[in-house]
Amino acid sequence: MHDAHQQPTRRSPSLARLFISFLRLGITAFGGPAMIAHIRELAVEKERWLDKETFRDGVALCQTVPGATAMQMAAYVGLWLRGVRGAAISYLGFGLPAFFLMTLLSALYSRSHALPLVVAAFSGLQAIIVAIVAHATISFGRSSLANWRNTVVALMAAGLFWVAAHPILILILAAALSLLLNGGQPVIPQAESRRTNMPSTTMPLFFLLAATTAGLTLLAFFRYDLVQMALLMIKIDLMAFGGGFASVPLLFHEIVEARSWLDAQTFLDGIALGQLTPGPIVITATFIGYLLHGLTGALISTMAIFLPSLLLLIGTAPYFAQMQSSSRFRQAINGILCSFVGLLCTVTIRLALHVHWDWLHLLFAAAALGALLRKVDILWVVIAGAAASMLLL
């Protein structure tokens, strides 16, 4: 097992290569947190940019801080490789396809409300999304559930996620249970190079915070309504512990119930589009911004729902890396990683329950899962599934 802790031959990709690599992944970013398995294939297995343990630490960190987990992992990889600029480039590349597609669909929706046509065109992809998340569950389960103790933690977390317990409570209980069960187990010490290689983020983070504050202040003089929307999205992002799905009830309460900016049916249409497009489900913020304030609203709403969690990741990652020398800390992090497997399991089941299963949808899901298990590139799986869906459904 010690080879998992060896430092791979480190390559330093250019910012352009980082952007293109994550842009390509972003085109097929269906299934929310399931995309982390494909980020791992890129960064650890294919390109050998990060070692396995560094990547696992990133998954634990991105589970702990608020925001869309897969988006955060893209930024984490970029941060390790090229500092704050790498984090921003990776984050942007991974999120752009979802933003452009959601903006296009929002424009079509606002003009014709042709949502049934969109849903019909993507109905086969619903089954494929279930296969993608199931594949991620299998992949992370193999690497994280190495013994019965980790399995117990994952099952506990899955049960709590299923009954919609608060994500922070789940993370705390998972860490505590891992400490309790693994208290007498040895922890392999990490290499010194992994504790000291995180680039400094203090000054770039300060400038990003200053620029964000200045931008909001300037915007307030011209469009205070846009600032109100941006501040609301910022608040929702900072409260979204447990990934993008945690943002949905917060968005519904604030947008529909508290402010009546949209009616419930329109909001649910936006959620449906968010599930059918690549990227995290919180990309629904783009839909909301577009319907409220057009293209400018879509851009500002999207930036506001993603930027705070990115800044939080950049600010906490170096300290998180420094704490890896503590064996108790690493045992607690092991519990958080196991809780991620539990989350993937519950997301797989919940998504599957929303698919109208017939023999064609079952065939699509089985074929997609089989292809992914055989290491077929997810891009071709999604393209083939979309084509088959349009021909057969």
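Visitor: At roughly what angle do the axes of helix H10 and helix H11 cross?
Guide: First, a heads-up: this is a predicted model, where local features need pLDDT of at least 70 and side-chain atom pairs count only at pLDDT 80 or more, while totals for chains, interfaces and linings use all residues. Residues are numbered from 1 along each chain as its sequence is written, and side-chain values use heavy atoms, with hydrogens and water left out. Helices here are DSSP runs (H or I, at least four residues; strands are E, at least two), numbered from the N terminus, and axes are lines fitted to C-alpha atoms, for helices over the stretch in contact, with angles from 0 to 180 degrees between N-to-C directions. The axes of H10 (residues 202-222) and H11 (residues 224-239) come within 6 Å, and they cross at roughly 145 degrees.

Visitor: Which residues of H10 make the contact with H11?
Guide: Contact means heavy atoms within 4.5 Å. On the H11 side you'll find Tyr-224, Leu-226, Val-227, Ala-230, Leu-231 and Ile-234. On the H10 side, the contact is made by Leu-216, Leu-219, Ala-220 and Phe-222.

Visitor: By class, how many nonpolar residues does the contact of H10 with H11 have?
Guide: Ala, Val, Leu, Ile, Met, Phe, Trp, Tyr, Cys and Pro count as nonpolar, Asp, Glu, Lys and Arg as charged, and the others, Gly among them, as polar. This contact has no polar and no charged residues, and its nonpolar count is 10.

Visitor: How far apart are the end C-alpha atoms of H11?
Guide: The expected span of a helix is 1.5 Å times one less than its number of residues. For the 16 residues of H11 that gives 22 Å, and the model agrees, with the end C-alpha atoms apart by 23 Å.

Visitor: How many helices and how many strands does the chain have?
Guide: The chain has 393 residues, and 55% of them count as buried (under 20% relative accessible area; exposed is over 50%, partly exposed in between, with a 1.4 Å probe and protein chains only). Among contacts between residues at least 6 apart in sequence, 77% join residues at least 24 apart. As for the elements themselves, the chain has 17 helices and, for strands, zero.

Visitor: Why can H2 be called largely enclosed by the rest of the structure?
Guide: Its buried residues include Met-35, His-38, Arg-40 and Val-44. H2 is largely enclosed because, of its 12 residues, the buried ones number nine.

Visitor: Which residue with a positive phi follows H2?
Guide: Look in the loop between helix H2 (35-46) and helix H3 (52-64). The residue there is not a glycine, yet has a phi of about 55 degrees. At 36% relative accessibility it counts as partly exposed, and it is Arg-48.

Visitor: Is Lys-375 buried or exposed?
Guide: Lys-375 lies in the loop between helix H16 (359-373) and helix H17 (378-392). Its phi is also positive, near 70 degrees. Its relative accessibility is 59%, so Lys-375 counts as exposed.

Visitor: What is the relative accessibility of Ala-34?
Guide: Ala-34 is found in the loop between helix H1 (15-27) and H2. Leaving aside neighbours within four places in sequence, Ala-34 is in contact with Ile-132, Val-133, Ala-136 and Leu-344. Ala-34 counts as buried, since its relative accessibility is 0%.

Visitor: Which residue's side-chain oxygen reaches the backbone nitrogen of Arg-149 at the start of H7?
Guide: H7 (residues 148-162) has 15 residues and reaches 21 Å from first C-alpha to last, close to the 21 Å expected. Arg-149 is one of the buried residues of H7. The oxygen that comes to within 3.1 Å of its backbone nitrogen belongs to Asn-147.

Visitor: Which residues is Thr-103 in contact with, leaving aside its neighbours within four places in sequence?
Guide: Thr-103 sits in helix H4 (residues 69-112). At 10% relative accessibility, Thr-103 counts as buried. Its contacts are Thr-286, Tyr-290, Leu-295 and Ala-298.

Visitor: What distance separates the C-alpha atoms of Arg-330 and Leu-179?
Guide: Arg-330 is in helix H15 (residues 327-353), and at 13% relative accessibility Arg-330 counts as buried. Arg-330 and Leu-179 are 151 residues apart along the chain, and their C-alpha atoms are separated by 9.2 Å.

Methods: A polar contact is a pair of N or O atoms within 3.5 Å; within protein, one must be able to donate a hydrogen and the other to accept it, and residues adjacent in sequence count only if both atoms are side-chain atoms.
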